[in-house]
Structure formats: C-alpha cells, structure tokens
Amino acid sequence: MRLIYKRPIAQRRDTGHIHAMRTDAAPTPTRLSEYSPPNFKIEQVYLDFDLGQQKTRVKSRMEIRRLSNGPLELDGENIELISVQLDGRQLSRRDYRLTQTQLMLSDLPDQFTLEIETRCNPSANSTLMGLYVSGGRFCTQCEAEGFRRISYYLDRPDAMSVFTVRIEADKTKYPYLLANGNMTDSGETSSTRHFAIWHDPFPKPVYLFALVAGEFDILEDSFTTMSGRHIPLTIYVDPGNAPRAEYAMDALKRSMKWDEEAFGREYDLDRFMIVAVRDFNFGAMENKGLNIFNSALLLADAKTATDMNFERIESVVAHEYFHNWTGNRITCRDWFQLCLKEGFTVFRDQEFSADQRGAAVQRIKDVRALRARQFPEDNGPLAHPVRPKEYVKIDNFYTATIYEKGAEIIRMLKTYLGAEKFRQGCDVYFETLDGTAATVEEFIASFEAATGEDLSQFMRWYEQAGTPRLSVQEDKSMNTPTAAHKITFAQKIPPTPGQAGKAPTVIPIKWQLIGDSGPIGDPQMTVLTTAKDTISLPRTDAPATLSVLQDFSAPVILDMPRSTEDLIRLMAHDPNQFNRWEAGQTLAQSLLINMAKAIESGKAPKPDQALNGYCHALSATLEKHEFNNQFKALCLSPPSYGAILQAAGPIDPLAVEQAGKWLSRAIGDKLRTGLRETYQALGTDQAFSPDAASAGRRALRNRCLQLLTARKDPVAATLATEQYKTADNMTDELSALVALTHLGGQRVDYFIDDFYNRWEDNPLVIDKWFSVQSMRHHAGGIDAIQKLTEHPAYNRQNPNRVRALIGGFAAGNMELFHQLDGAGYHFFTREVQDMDRRNPSIAARLLGVFEIAPKLDQTRQALIRAEMKRAITDKPSKNVMEIARKLLGE
C-alpha cells in the first residue's frame, strides 16, 4: 500500500447486534512482546455478498482447523450479526460471546465449519475502511483492519486462507463484479440481477481481500511473462476516463518486465486488474490480482496532469505490482513487521524509477523526500523504530519511518553486501519464505544464509528509533614528509521517546577525495560498526576536499566542518552527482540559517562572500552540457523551509520563510541573464511527452521562471502570463499560475477564477486549484481559507480534497499557518476534529504536521500544546488521541 503524504458513530439496534468502537475508554496498546499465533487456522473461506448500498448481506462459510488450545476470537465492528452456525447447527446467543470488537466461541472441535451472516451499511461508511460506496460504486479497503467492518474473521496478517467469493447485485447499476483471483463463473439470477464467482488459489491474509462493483469504462492490454504465459491486463475507470489510464497501463507493463529482469519475479495469476476510485484514504492498495487506486495516482494526460503526477503514477503502479511478491506471496507475520513488505517494496519501486528516469536524479528526489518526511518524524515526538514495539492504532504507523527509512535500510544492506550477494539473499528469501507470513528476523536470516555474513548488528536499524548523526573529523597536520591524512568517523544516535540509550549500528560510508581537477583516487567504502574509527590516507599536497556519504550511502545526518571553498570545490568537481548537489544544499543551508537568525534577532546580516561563490557555482552548473536538465533544476532549488527548521530550530518559522525568499531573490538577481536565456532556449513546439528528458526540460524552464518571479522581475509577469495562456500541458499551466499568485496584484484573482472555470468539471484538477489556493498569500488571512471550506466544490468527505486544502495550508502556507496569534493552528485543529468525526485515519495523519513543534520558538510551541490539549478534551478517536498524546510527550 502506498501513502499519499475511526471514530464511528456508536449505534445499537433492537434486531441483531451492531457494535461500534467506544471512544471514551483508555486506549490499550498492542505490543510486539505479547504476540502469539492464532489458536485456529481458517483453511478455506467462501464469502457470499448480496450488495445493497444501505444494506449489504454477507454470508461467510469457513473451514477451520485447531492449532492450539483456546477460544476462537473473530474480529468485527460496526456490523450487524444475523446468525452463527457451527457444522450446520444454528447457535443461540448464549453459545457465543459478543463484544464491541469480537465474536468469541469456546469448546470447539478440532475441525469444523463455521457459517456467519452479517449486514453492513456501505453508504454510511465515511471511514472508507471495509466496504463503502464511492461515486455510486462499491469498493473495499481492508488494510490494515478493514475487513472486520465486513464480517467476523481472524483479521490479522498471519491468518492466511484460500478465498472463494460470490457477488450478486443489480446488473444495470453494477455491470462489473470484481474480486481477487480468477473468475470461475458468472451469470444471471433474474432479469435484473447477476452474479460472479472469483477464486484466488494463493492463501492470503484478509487485509488483501478486495471487492469492487459498479459501472466502468475499461482499458485492456496484455503481457507475456518470461515463461510465455499470456496475462490479460484490465484497468477499470470512471466512464470517459479510459484514455487517461494509458500511461498507467504502460507503467504496469514496464514494471512487470523490470521485476522479471531485476528480481526474477514472474506474475502468477491468470489476469491482473486495477480499479480507480475517487474516494480513497491512501495512494493505492495491492490486493492480490485486484489493485485499487486513488484516481489521483492512476489517471493522467497532458492537459490535466503534471509531470509529478506522471512520475508518481509510474512509481505507485510499480510499487503495488511489486507487492505481489514482497507483501502478497510473502506477507508479514504481524503488523509490527509492516516495514518488511513496505520498506522492501519502496526500495524496489525506487530502483525501478532510477532505471526509468536516471539514477542520480532519482536518488536526489528520494533523499529530499526522506529528509522532508522521515527525518522530522525520527527527530520529534512521533519517533518510533522501523519495527515498532507497540501501537494503539496500527493506522497511525503507516509512516515515513516504515516506508522511506525502511527502504533506506534495504538500500544499505545492498551497499554493504554488494549487488551480487544482495541478489542472492533476495533469491533465498523468495524461495524459502514463499507462502508464509514472515518476520524481519527471517528476512535478515535469508541474507545471512546466502552470504555467510553475520548481520545481527545490522538488525539495530530496525530496533532503534532516531536518525544517527555521523561526525567526520580530518587531521591534515603534516609535520613530516610522511605524515598521514587521518579521518575519524564517529556515530551517535540521540535519545527518542522511550529509548534513551542507543548502541552503535552498521553505517556504510562511501567516500572519495576530490581535488581541483577532479577525484584523487577511486571511490572507497568504510563500514563503521563502532562508536568511533579512524583511517589514514597517504599525504596529499594539493588542495583536496573529502566527499563523504556519496549517493547518500546511509540515512544519517552528517556533522562535518567544511569551508565555503570545500563546498564550492565539490559543486564544481565531484564526479558523484548526488554529492555535487548535496554540496550546494549544504552551502545554501548555511546561508539560509545565518539569514534566518539575523532576521529573528532584528540585525542586518553582513555581506556574505559565500553567497557569491554559491551563485557562481550554480551559474556554472546551469551552463554545463554534461548535466541533464532535471539535475540542473534540482541544483537551482535551495533546501525547503522544513529542512531549515530541522537544522536551525528552535526558531521563528516566519524568519525562515523570509530567509528563503531572500535566497531565491538573490539567485534570481545574480543569475538573471542566464535564467532568462535558459527559459527562452527551452521553449519548444514539440508535442507533449511524459518521458524523463521532456519532463526535465519543463522542470528547468519552470524553475527559471520561479527564480525570476522571486526577484519580481518585470519580465516574469509577461512570461508567466504568456505561458499560462499558451500552455499545452498542466505542468506549464499550473507553474505559470503559481508564478502569477506569487507576483500578486489584481491579476491574481482573474487567473485563479479563470483556472477554476476551465477545470470545474475535473475533480483532480480542482484538487490542484484548492492546493494553490491553500498556499497563496490571502489579504483576508485565515478567513479566506475558512471561506474556501464553504466553497461549493469543497467536499469534506473526500480525502484528496481535504488533503489539498487543509493539508496544503498546514504544509505550504508558512505565513498564515504559523501566525503568532495562533489563529492558523486553531483553524487547522478545528478542521482535523471535524474530519475525525468522519474519517479518523485521515484526521490523525493531518495532525502529524505538528511534529515540527519542537523546532519552533517557545511561543508557538505553547500554542500548539494548547491545541493538542483541547483536542484531547474533545474525546477524539483512538487514532487522533494517540497522535495528540505523543505530540504532548505523554
């Protein structure tokens, strides 16, 4: 399942039993140390759905075998229990125990058939977990604990069963009836109703169950596997949207071929299906053979999707397909092992994207995302190990730490072992654990078995929270002709909630010495396994700079004193493109921190020669033909405000914002001629293409426009207006609109209204409109954002729309969100509470933005604490309660 970065209403009826989660009980954590396997195994399950939007009847028949002594405890919530039968005998209410969350049966035989009938109301399910209705169509989302909203079952990942599913519904309203696996039968039951039966031969946990029913347009294609099997491929989309799924289909076929070539993994079922839905909590879900996607991550064409949309679609389609082996064929034993499937699969989709779009550029983008999302998490109140030790709501642990840091651990494993041994370890993993629910220990043991390496210390990456800090000290004292150049590496992991002391872990450090004419010697790798280690190099008389952590060989924070001269040398001569970009980011970060502190103190900053050197190095990069345009665009983009807050905090966030504007303006001033010439040179009359080279051209051209806009260049308004009016693709149109909003003036409202009128019938584009609105400067302040929540197009039920406006406001509108009077925090928290009443999972994820609090000044920290206390007083869902308490340090 890929991320995009329950408080149910308690009810009880006189007929049957409907149970909802109470929200006023003290939450009890689930702990890894208390894991025990289930007492029973469900060998086969037959599900029969009679679909109705207000009333859906679900009959389940389960063939069950005892594994150990104890009762059978089936999970269920917010469903109406109609009947229970044991080996054909109807059970009375006294034969079982029913609570708000479980159906428990005791004194059972060693082998038996259990039949359960339940009813649920999909149209009232605003949590979007379990079975719900989206756009008049039935859809499911069962990861992590959604199936318990459909029927009583062992809703845990280590309970793997073979599923057969029968679906019956009105044939006019729901012409397509889909589930996991292969269709074995279909037909009509009457003149108005029809059915379909699906069988999945591969045992799976119930979180991978999927059902979709509705009217769709379809896009069909096929793929021939490496063994010669013909696999039909079908994508189901809203009527009229089939052409917009063509890029996703192409990405799917490329993913299937890549997985065969890179990992030797072939697809196993007889067909592969993807469905796009508008209302979805996540990015997509890897249900076996029937992936369900948020339409924002599946539908794209030149007119309505940006290059970032195309990139994300390519990546997420690959991610969900790759889960077929890393997540489905081998799943996780319990939710504490979530990183096993998600971290490994993120690594695989990153490798795929690197092959499709360029290794250096992809690595830069992946590290930027890691630092923007995971580093703040790892260094704040929400820090947790990659494999957590406890949770209240597992929904809250679909985090950047599980996904992105989990992927970095796999990447380090490959760096440490080497590509050949890493592949051998993967092969052992797939061969020995296929069809099982595995643990991280079993995953690591596969690589030990394949390579003979002892990886016990490497396991600490999974067990310890926090981002290690790697310090590098050089001793270049050369009192004698034979004196050595000594380098000392030291590691330290700061305390995190619940973990005060940390042990040294394994850190592979790729490094190289760089001189004024290029590298001095070959790239090297030092593996740091102790708290400190020193290596010696031969004496070098020529000026040289150490390039450390090439390709970001470990997810650490580097503490290394380097002069402006050192960083400019790396920007000019480091053959490693990642580290060349990194040197520019490090220099820009220093400039931004110094300026932000000067603004905060009210003192005028002194002229900084480093700024001239930085801009000169950027100008040289812009002119170099050996670099692709995407790399140049990334080099011209200074560190984010969030990155500066992490490095400099506690600090006034508005001082950081002003410093960012200052640096962009300075770059625009000093590179003005080159920026204008590059912008003009990159214009083209060629037809739109989403390929990497074309996307890179647009990225650099629009970055030039943004920098000219930052300096309020008179030509910027002309260029942006012309680009907006003549753009033949959404990337250029939206970039021009953003530039115009930054320039301000009376023109802004005209273009904002024009964009809305052009695209009001396209919900995905209107999401973009709300996002732009959420982040722009509004003369009306918070009231303007509030009014947007009352706009006719704003839909509080739709996660995409809420993320665009409320999430966009918190993440992208520094000025209003961080108002010193706290109005921004208050508005945001109020909106989170409103969402919590409908969709606790989304509400909790939104609330996580406050993890930045420790990096803010004391006044704002106090304002955020007050909002969290108010949220807790409101008796929120378990999801929101868990996050709010962690933010308060409880």
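1. A salt bridge here is a side-chain nitrogen of Lys or Arg within 4 Å of a carboxyl oxygen of Asp or Glu. R2 and D349 form one through their side chains, with N to O at 3.8 Å. R2 and D349 are both buried (under 20% relative accessible area; exposed is over 50%, partly exposed is in between, with a 1.4 Å probe and protein chains only).

2. Some housekeeping before going on. This is a predicted model, where local features need pLDDT of at least 70 and side-chain atom pairs count only at pLDDT 80 or more, while totals for chains, interfaces and linings use all residues. Residues are numbered from 1 along each chain as its sequence is written, and side-chain values use heavy atoms, leaving out hydrogens and water.

3. Back to the charges. The salt-bridge count comes to 68. One of them joins the side chains of D158 and R156, at 2.6 Å from N to O. D158 counts as buried, at 15% relative accessibility, whereas R156 is partly exposed at 24%.

4. D301 and R244 also form a salt bridge, and their closest N and O atoms are 3.9 Å apart. I'd look at this one on screen, since the pair links distant parts of the chain, 57 residues apart. D301 sits in the loop between β22 (290-294) and α2 (307-322), and R244 in the loop between β19 (230-237) and α1 (246-263). For these labels, helices (H or I, at least four residues) and strands (E, at least two) are DSSP runs, numbered from the N terminus. D301 is partly exposed with a relative accessible area of 25%, while R244 is buried at 10%. Elsewhere, salt bridges with shared partners tie D48, D50, R57, R166, E168 and R193 into one network.

5. How many disulfides does a search of the whole structure find? Zero, taking a disulfide as a pair of cysteine sulfur atoms within 2.5 Å. Take C142: the closest cysteine sulfur, in C139, is 9.3 Å from its own sulfur, too far for a bond. C142 is buried, at 0% relative accessibility. C704 is in no disulfide either, and the nearest cysteine sulfur, that of C635, is 12 Å away. C704 counts as buried too, at 0%.

6. Now the helix packing. The axes of α3 (residues 338-357) and α5 (residues 400-417) come within 7 Å and cross at roughly 70°. Axes are lines fitted to C-alpha atoms, for helices over the stretch in contact, and angles run from 0 to 180 degrees between N-to-C directions. The angle makes α3 roughly perpendicular to α5 (65 to 115 degrees; under 35 is roughly parallel, over 145 roughly antiparallel, and the rest oblique). The crossing of α3 and α5 is right-handed (the near helix is turned clockwise from the far one by less than a right angle; left-handed if anticlockwise). Contact, meaning heavy atoms within 4.5 Å, involves α3 residues including L338, F344, F347 and E351, and α5 residues including I402, Y403, I410 and K414.

7. What about α3 and α6 (residues 419-433), and at what angle do their axes cross? The angle is roughly 140°, and the axes come within 15 Å. That leaves α3 oblique to α6, in a left-handed crossing. On the α3 side, L340, F344 and F347 meet F422, C426, Y429 and F430 of α6. F344 and F347 of α3 also appear in the contact with α5.

8. α16 (residues 692-710) and α18 (residues 730-743) have axes that come within 10 Å and cross at roughly 10°. The two helices are thus roughly parallel. R698, N702, L705 and T709 of α16 meet α18 residues, among them T731, D732, A736 and L743.

9. For α9 (residues 564-573), the buried residues are D566, L567, R569, L570 and M571. Their cover includes β28 (507-515), β31 (544-548), α10 (577-601) and α11 (609-623).

10. Last, K171, in the loop between β13 (161-170) and β14 (176-179). K171 is partly exposed, with a relative accessible area of 25%. Leaving aside residues up to four places away in sequence, K171 touches E188, S190, S191, T192, R193 and H194. R193 is also a member of the salt-bridge network in point 4. From K171 to D669 the C-alpha to C-alpha distance is 64 Å, with their positions 498 residues apart in sequence.
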